[in-house]
Amino acid sequence: MKIVVLVKPVPDTYGDRVLNLETGLADRAASETVLDEITERALEAVIRHAEESAKSGAGDVEVIAMTMAPAESQSTLRKALAMGAASAVHVADERLAGADLVRTAEVLAAALRRAGADLIVAGNGSTDGSGGVMPSMLAELLELPAATRLETLEITADAVRGTRETDGGTMTVTAALPAVVSVTERMPDPRFPALKGIMGAKKKPLEVLTLDDLGAELEALGVELDETASARSIMVAATQRPAREAGEIITDDGTAGERIAAFLADRRLA
Amino acid sequence: MTSTEMTSNEPILTLLLAGPAVADEAPALADGAAEALGAAARLGTPVAVVVGAADALPQLAEAAASLGAARVLTAAVDPAQLGAPVADALAAAVAQEAPAAVLVSHSIEGSDAAGRLAARLRAPLAVDAVAVERDDEGIVAKHSVYGGGFEVTSAATYGPLIVTLRLGAIDHRAEAAAPQVSALEVGASGRPAAAVEGFESVVQASERPDLRSAKKIVSGGRGLGSKEQFALVEQLADTLGAAIGASRAAVDAGYVDQSLQVGQTGTSVSPDLYIAVGISGAIQHRAGMQTAKTIIAIDKDANAPIFEIADLGVVGDLFTIVPQLVQALEARK
C-alpha cells in the first residue's frame with residue numbers, strides 16, 4: 001500500500017509572521033519556516049501504521065511525504081524523511097508563487113495522480129492558511145471519497161475509518177480506498193527524528209517536480225499548464241492590524257476582584 | 001459594513017445544511033444559517049439551498065424563509081453519504097441561478113462542500129471570511145489572517161465567488177420572508193462519497209453559549225492547577241453568561257475537553273469580552289483571541305505575555321481574585 005502524506009512548510013507560529021503589504025504574500029524571510037505541526041502529526045500517525053503493518057506482517061506500507069512549496073523550504077521535507085517517510089515529492093515552480101486554492105488543488109492533484117496513492121492523508125488545517133478545504137478539493141478533482149477531520153485513524157487493506165467531531169456529536173465514517181482523509185491534532189505527538197534518521201534522510205529519494213514534469217497529469221485533469229495569467233481569486237488589499245497595546249496592569253492588593261467588577265460595570269460588560 | 005451599501009437584486013446563494021438529527025426534536029438548520037442569510041441580504045437577493053434528509057426538508061425550508069431567504073431551493077440527500085451529494089446539489093443550484101456569490105458557513109460540513117464546489121466549477125474560493133461586502137467592482141471577502149495580525153481582502157476575477165464565513169463573524173440578520181419553496185433538480189455526479197456508519201449526539205450539558213459565537217468568554221489555563229479547580233472558570237462564566245474556553249496547556253492537562261481550546265490550533269474567537277484566567281498567553285493562544293474587543297487577564301506571573309495585550313491586567317492569585325470577582329458581580333446584580 002502506498003500512502004501519501006501532504007505536508008506543509010509554514011512560518012513558525014513561535015515567531016512574528018508577516019505579510020508583504022505590497023504583494024499580499026507571506027514574507028518568508030521574516031520568519032523561520034517549519035513543518036506545520038498538524039502535518040507532522042499526520043505523518044507520525046501514518047509512519048506508526050507502516051511500522052505496525054511491517055511488524056505484524058500485514059504488508060508493506062510505503063509512506064511518501066509530498067508538498068507544493070517554494071524551493072527554499074526543502075529542509076522541511078528532509079525532516080519528514082528523517083521522521084520515517086520513505087521518499088518525498090517536492091512540487092516547486094516559480095510560476096506557482098501566490099497560487100490560489102483551486103490552482104494549488106489542481107497541481108497537487110496532478111502530483112498525486114502521478115504518485116498513484118492508495119490513501120492520501122492531510123492535516124485538517126494549516127496554521128498559516130487555516131482554510132481546511134484542500135482535502136475536499138483534492139477528493140473532488142481526483143474523484144475520490146473524502147473523510148475529513150478524523151480524530152482517530154484506522155487503515156485496513158481496502159478502507160479507512162475514523163471518528164470526527166461535527167455539530168452536536170461524534171460521527172463514525174468510513175471510505176473505501178483509494179480515498180482522501182484529513183486528521184486533527186488528536187493524532188499522536190510527532191517523534192523527534194533520531195540521529196540515525198537524520199543521517200538516513202540524506203540518502204532517501206527526494207524528487208523535485210516542476211509544472212512541466214506534471215504536464216500529462218494536468219492535461220488529464222483538464223487543467224492548463226500555465227494559468228498564471230488567469231488567477232481565479234486575487235488578493236486586492238492587505239493591511240496590518242495595529243499592535244494591541246497593554247492597558248492598565250495592577251497588582252492585587254486584596255481588592256482586585258472588586259476592581260475587575262467595577263471595570264466590567266463601567267464598560268457595561270457585566 | 002459601510003452605510004453607503006450598494007444594493008443589487010442579483011441572487012446570492014447560501015448553502016443551509018441540516019443540523020444533526022436529534023430524537024424527538026424537530027429538524028433544525030445547522031449553525032450559521034442566520035449569519036449566511038444575513039450576509040447574503042446585504043449583497044443581493046438571498047436564495048437558500050436547503051440540503052437535508054427528504055422528510056426534514058419542509059420544516060428546514062420554512063426555517064430558512066423565517067431567517068430571510070427570499071426563495072428556497074430544496075435538495076434531498078442521504079445523510080449517510082458525505083461530501084459529493086451536497087456538492088452535487090450546490091452545483092445544480094449554481095447552474096440554475098447563476099449567482100454573484102455562494103455563501104457557506106465555515107463549519108466542517110460547510111467547508112467540505114464549498115471546497116468540492118470550487119474544485120468542480122474551478123471557481124474562486126475565499127475561505128474563513130469574517131465579512132463580505134460589495135465594492136465598485138463586485139463582491140469582496142475580508143479575512144483575518146495570522147491570528148488577526150493582518151486583514152486581507154480577496155475578490156474573484158471571474159465566476160461566482162464562493163465564500164466560507166467564519167461562524168460568529170456576521171452580526172447582520174435578514175428580515176423574515178414568506179416561504180417560496182421549490183425543489184431543485186439535481187443530477188447526481190456519481191462521485192464516490194464517504195459513508196457515515198454511526199452518529200452519537202452529544203447532549204449539551206449546559207445552557208452556556210457556544211464558544212465560537214459567544215459575546216463573552218472566560219478562558220482558563222494551566223494556572224487553575226486541576227480539573228476540579230477549573231470549576232472556578234465555570235462559576236465566573238456562568239455569573240457573566242459567558243462561554244468557557246481554555247488554553248492548550250489546560251486541554252493537554254485534561255482539565256477540559258479539546259473542543260474548548262482557544263488559539264491557533266483550536267478555535268479563533270473575537271468576543272466583546274475575553275477574560276483569561278491563569279493563562280500565560282503563548283503566541284499561539286494570543287493568535288486565537290487577540291481580536292477580542294476587551295481583554296482582562298489574571299495571572300500570578302507579572303511577566304506573562306498575556307499582559308502585553310490586556311486592557312486590564314491583574315497580577316495576583318487567581319484563587320482569591322476570581323471568587324472575589326464572582327461575589328462582587330453577584331452583589332451588583
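## A buried glutamate that reaches across chains

Let's start with Glu185(A): its relative accessibility is just 10%, and anything under 20% counts as buried, so this residue is buried. Keep in mind that we're looking at a predicted model. Glu185(A) pairs up with Arg248(B) in a salt bridge, at 3.7 Å from N to O. Glu185(A) sits in the loop between strand 11 (179-183) and helix 5 (195-201) of chain A, while Arg248(B) is in helix 6 of chain B, so this pair joins two chains. Arg248(B) is partly exposed, with a relative accessible area of 25%.

Why can such side chains pair up at all? Side chains of opposite charge can do so when their charged atoms come close.

## More salt bridges

How many salt bridges turn up over all chains? A search of the whole structure finds 33. One of them lies inside a helix: Arg41(A) bonds with Glu37(A), and their closest N and O atoms are 2.9 Å apart. Both residues belong to helix 1 (residues 37-55) of chain A, where they are four residues apart, or about one turn of the helix. Arg41(A) is buried, at 6% relative accessible area, whereas Glu37(A) counts as partly exposed at 28%.

Over in chain B, Asp272(B) and Lys293(B) form a salt bridge of 2.9 Å, N to O. Asp272(B) is in the loop between helix 6 and strand 14, and Lys293(B) is in the loop between helix 7 (283-286) and strand 15 (294-299), so the pair ties together parts of chain B that are 21 residues apart in sequence. Asp272(B) is partly exposed at 24% relative accessibility, but Lys293(B) is exposed at 59%. Back to the residues we met earlier: salt bridges with shared partners join Glu37(A), Arg41(A), Glu185(A), Asp189(A), Arg248(B) and Asp252(B) into one network.

## One pair of rings

The structure has one aromatic pair over all chains. The partners are Phe230(B) and Tyr255(B): their ring centres are 6.4 Å apart and their planes meet at 50°, so the pair counts as tilted. Which parts of the chain does the pair link? Phe230(B) comes from the loop between strand 12 (216-220) and helix 5 (231-240) of chain B, and Tyr255(B) from the loop between helix 6 (248-252) and strand 14 (273-277), 25 residues apart. Both Phe230(B) and Tyr255(B) are buried.

## Two domains in chain B

Chain B is assigned domain 1 (11-195) and domain 2 (211-332). Taken over C-alpha atoms, their centres are 33 Å apart. Domain 1 puts 10 residues into the contact and domain 2 puts in seven residues. Between them the two domains bury about 590 Å², with 42% of that on carbon and sulfur atoms. On the domain 1 side, Gly147(B), Arg166(B) and Leu167(B) lose the most area to domain 2, together 58% of what that side buries. The count of salt bridges between the two domains is two.

Let's zoom in on Arg166(B). This residue is in the loop between strand 9 (161-165) and strand 10 (181-183) of chain B, and at 14% relative accessibility it counts as buried. Leaving out residues up to four places away in sequence, Arg166(B) touches Glu35(B), His106(B), Asp128(B), Ala129(B), Val130(B), Ser144(B) and Ser268(B).

## A record for chain A

For residues 32-218 of chain A, UniProt lists "domain: Electron transfer flavoprotein alpha/beta-subunit N-terminal", in an unreviewed entry. Over that stretch the chain is 34% helix and 28% strand, and the end C-alpha atoms are 32 Å apart.

Methods
Residues numbered from 1 in each chain as written. Chains lettered and ligands numbered in written order. Predicted model: local features only at pLDDT ≥ 70, side-chain atom pairs only at ≥ 80, totals over all residues. Heavy atoms only, no water. UniProt positions renumbered as here; feature names shortened; annotations may be inferred. Buried < 20%, exposed > 50% of the residue type's maximum accessible area, 1.4 Å probe, protein only. Contact = heavy atoms within 4.5 Å. Phe/Tyr/Trp six-rings, centres within 6.5 Å; stacked < 30°, edge-to-face > 60°. Salt bridge = Lys/Arg side-chain N within 4 Å of Asp/Glu carboxyl O. Domains from an automatic or database assignment. Buried area = accessible area lost by both parts, 1.4 Å probe.
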